[in-house]
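Here are some short exercises to work through with the model open beside you. Try each task before you read its solution.

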Amino acid sequence: MTPTLPLRASVIGGLLLALGAAGAVAAPEKPECIAPAKPGGGFDITCKLAQSGLQESKLIGAPMRVTYMPGGIGAVAYNAIVAQRPADPNALVAFSSGSLLNLAIGKFGQYTASDVRWVASVGTDYGVIAVRADSPLKTLKDLVAALQKDPASVAFGAGGTVGSQDWMKTALVARLAGVNHQGMRYVAFEGGGEAFTALLGGHVQVYSGDVGELAPQIEAGKVHVLAVLADERLPGRLGTLPTAKEQGFELSWPIVRGFYVGPKVSDADYQWWVQTFDKLTADPGFAKLREQRELQPFTKSGAALDAYVKEAVARYAALAREFDLVK
Amino acid sequence: MDTLNYLLQGFGVAFTPLNLALAFAGAFIGTIVGLLPGLGPINGVAILMPIAFAMGLPPESALILLAAVYMGCEYGGRISSILINVPGDAGAIMTAIDGYPMARKGLAGVALSISAWSSFVGGVVATIGLVLFAPLLANWALAFGPAEYFALMVFAIACLGGMVSDRPVKTLLAVLIGLSLACVGVDSNSGVYRFTFNDVHLADGVQFIVVVIGFFSISEILLMLEESSIGQSIIKTTGRKLFNRQEMKETNPSTLASSIGGFFIGVLPGAGATISSAIAYMVTKRVYDKDGSFGKGDIRGVSAPEAANNASATGSFVPMLCLGVPGSGTTTVMMGALALYNITPGPMLFQNQPEIVWGLIASLFVGNVVLLVLNIPLVGFFAKMLTVPNATLVPGIAAASAVGVYSVHATTFDLVLSVAFGVLGYLLRKLQFPMSSLILGFALGDMIEQNLRRALSLSNGEVGILWHSPVSLTLWIGAVAMLVGPPLLRRLRRGRAALAVG
Amino acid sequence: MRAERVFGLVWLAVSAAMAWVALDLKAPISYEPVGPRAVPLLYAGLMAACALTLVLRPHAVAFHWPHGKVVHHIVVSAGLLLGYAFAFEWLGFPLATALLALLLGRVFGGSWRTCASGGVAMGIVLYLFFDRLLDVVLPLGLLQPLFGG
């Protein structure tokens with residue numbers, strides 16, 4: 001069975017499974033979560049979340065190993081899975097919206113979003129625009145006004161290169177202000193940590209990043225959040241932060257985190273993973289684990305996730321064209 | 001005297017039998033993992049954290065374990081540098097320059113023991129620095145923007161001027177090859193892929209370990225074939241194991257100075273062990289190398305970079321504890337491990353959970369002592385490794401090197417690339433290009449270029465930003481002094497000697 | 001011709017190739033006064049200058065091309081290491097390592113017997129040590145079916 005149309009095949013496969021074969025599929029013997037980055041980053045957190053969740057809920061027999069395959073925000077792992085291990089039911093690979101963005105601008109080589117089977121998402125983070133606590137900019141409106149006055153008066157600092165998610169967020173802010181994104185000042189650092197240090201040191205004025213990694217700093221009162229790029233306020237202690245939407249700006253940037261498997265993984269194994277994640281994400285214990293890792297709920301699996309991924313990739317590709325990233 | 005109280009409390013925790021045993025276990029595993037090229041604290045932490053969890057260890061015990069592993073890796077990195085000329089990590093590059101020649105002279109034991117001692121001094125000095133100045137130093141780290149980092153790089157490069165061998169043009173070319181290799185991959189400012197030839201395997205650039213294994217390990221294997229020693233071991237006699245009092249006296253001033261300098265550089269996020277050990281080595285060489293003994297097995301060339309390396313490893317705790325920003329790749333992993341215990345390093349940690357901070361600092365002290373106690377007896381054991389016949393040792397080195405390379409990306413591509421570098425490295429070494437210059441150029445390349453460009457973007461192209469702040473100005477003056485000072489001093493001295501004679 | 005001169009000529013070509021590739025580096029959107037192209041071009045230029053110095057004023061280095069048996073050994077060893085790199089995933093770590101240890105050990109003058117036994121031991125012990133103990137995932141390759149999964 002080679003699923004040339006993963007979506008339809010998976011739906012059919014799922015139905016077949018549901019019809020009676022469900023009990024016949026055994027759990028993979030050597031489950032492995034591939035984090036396509038060096039240890040310590042967001043992909044690592046995604047894998048560790050699945051690892052500890054699956055272990056605590058006893059959904060898998062053998063403990064899952066986490067391995068690292070860094071390179072191009074997932075490009076190396078994507079290529080390795082599609083080309084070398086397409087039928088390995090053990091290998092689950094973490095992805096994020098960042099991977100989808102790079103996929104959309106063609107940085108994953110010859111492959112497209114249809115080349116793997118999207119299993120499930122486990123949570124999401126949201127973009128954030130922040131300044132130092134003593135900054136004269138107090139709201140997103142202030143920032144937009146400052147940009148309108150002189151786009152070069154504000155230096156943005158972020159952990160991603162031009163064309164990355166962090167950059168996209170700033171380009172979208174520029175678009176809100178009605179100024180050309182090519183006229184703004186954007187400085188890319190090696191990772192969010194360095195960009196944040198530069199913000200604290202006053203070397204840049206505005207920080208663009210993810211709310212999860214900034215949470216401890218927000219609590220410490222070191223930074224002032226201009227806007228969280230989510231449609232609604234976040235639950236819990238981050239609920240005091242204003243969203244861009246409530247300030248009158250249509251600007252939302254979720255960073256979805258989830259997993260995929262190789263294109264030739266059998267329907268039975270694929271469905272096993274989908275169902276396992278369905279059970280896992282429904283578990284209240286998992287919600288706590290997710291919260292510990294500063295992630296918000298975002299649960300999609302199987303065909304629903306596949307549709308979301310393809311829609312997101314198309315959306316990113318359109319944005320990239322609009323911002324002249326691709327021709 | 002809150003500080004002292006907390007610290008004493010921390011020691012009280014560290015000295016329980018269980019925690020001492022954990023410190024020993026962590027130190028041992030850390031040393032072993034650290035000496036394997038390509039493997040580091042990340043792997044050490046990865047092995048031990050699940051065990052710590054399974055054992056249900058309380059956070060302070062887990063912290064002690066973590067600190068011991070972390071410091072153990074820093075100690076371990078020097079061992080392969082000295083014994084087989086393959087740096088176990090970036091901080092150990094400089095250690096190979098004099099450590100390996102010492103080993104070839106039959107002084108492997110002395111090199112290993114003096115470097116264990118200087119690592120200890122570096123670790124302890126830096127931990128004291130951590131106790132006294134941590135919160136103050138957070139501001140020092142913040143003062144470093146792109147322009148200041150660039151000035152620091154210029155200073156480091158000016159120090160490298162001292163590496164100039166008999167043929168300066170070769171040193172320069174070696175550095176440039178390293179710098180060019182560092183250009184490969186996604187450009188972190190513009191996002192452009194440079195020299196990747198549309199291959200995703202190069203998207204993140206060439207990995208440090210691939211370069212080290214290629215230019216050091218594989219080229220070394222090929223060079224060994226030319227020597228008459230085929231079929232025998234590299235070094236027959238291992239000589240005495242411990243340094244003597246004279247040697248210790250000789251190294252004391254430079255070890256201490258390197259420790260202090262290394263700590264301050266380690267505090268800067270991202271700068272760390274490579275730069276601090278390079279600067280320590282070069283400054284020491286500038287000050288003490290009167291007869292050209294550096295590079296041929298001078299004991300101070302081993303102790304100074306090791307002291308700086310370990311001091312900076314400890315220094316990188318400052319940004320983590322005070323700012324919640326990882327100061328190095330390894331502290332990133334530590335932060336991840338701490339997060340599992342619901343400990344979030346950052347500005348609030350000193351206020352909310354002082355016992356954790358001081359527990360960590362106490363465990364750094366304990367870890368250093370344990371490592372010294374552990375490493376001195378291990379000297380004999382490691383030196384023995386050299387007596388293994390080449391027919392077994394060389395394939396072993398090749399296999400361990402390959403594992404180191406594979407552990408980063410898990411791709412065949414990197415393995416092949418490292419062999420290609422090995423062949424190039426063999427030719428370069430035959431032509432007497434200094435490999436350590438090449439590798440330093442590679443290690444610093446990205447930071448030099450990116451910080452220069454960041455600084456200029458911040459100033460909108462106005463060059464003055466590069467020396468406007470007091471910090472960067474000081475560094476520029478230091479750089480000029482490093483370049484001009486030594487020859488000037490030499491001339492002065494010669495002049496004075498002539499006067500005295502006249 | 002002196003070795004330095006030969007190398008200098010080769011490296012001139014390398015620098016030229018690097019400059020040629022670098023010329024094409026352009027950012028789609030550039031905020032920077034210094035783009036992604038300037039620094040590689042600078043390096044290429046400086047390297048060319050260094051290489052030219054070597055061509056024009058080569059020094060005699062204590063350079064001996066290895067000859068006879070040694071050349072043979074070096075070529076064979078480099079080939080073995082390259083083969084090892086390619087076999088690493090395909091044969092799997094234990095098999096590839098055992099083979100490497102056997103053949104490379106022979107080049108380094110070991111006897112068939114010690115190299116063979118050493119190779120087998122190394123393949124197994126190092127695999128267990130790295131994969132099981134240190135958690136560095138290594139490929140099993142052809143042995144995969146034997147160990148399940």
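The exercises below deal with helix packing and a chain contact.

This is a predicted model, in which local features need pLDDT of at least 70, side-chain atom pairs count only at pLDDT 80 or more, and totals for chains, interfaces and linings use all residues. Residues are numbered from 1 along each chain as its sequence is written, and chains are lettered from A and ligands numbered from 1 in the order in which they are written.

**Exercise 1.** Work out how α3(B) is oriented relative to α4(B).

Solution. Start with the helices (DSSP runs of H or I, at least four residues): α3 spans residues 41-54 of chain B and α4 residues 59-84. Next, take the axes, which are lines fitted to C-alpha atoms over the stretch in contact, with angles from 0 to 180 degrees between N-to-C directions. The angle is about 160° and the axes are 9 Å apart. α3(B) is therefore roughly antiparallel to α4(B) (over 145 degrees; under 35 is roughly parallel, 65 to 115 roughly perpendicular, the rest oblique).

**Exercise 2.** Do the same for α1(B) and α15(B).

Solution. Helix α1 (residues 2-14) and helix α15 (residues 354-385) of chain B pack at about 60°, with axes 8 Å apart. The two are therefore oblique to each other.

**Exercise 3.** How many residues of chain C are in contact with chain A?

Solution. Apply the contact rule: C-beta atoms, placed from the backbone, lie within 7 Å. Seven residues of chain C then touch 11 residues of chain A.

How values were computed: Contact = placed C-beta atoms within 7 Å.
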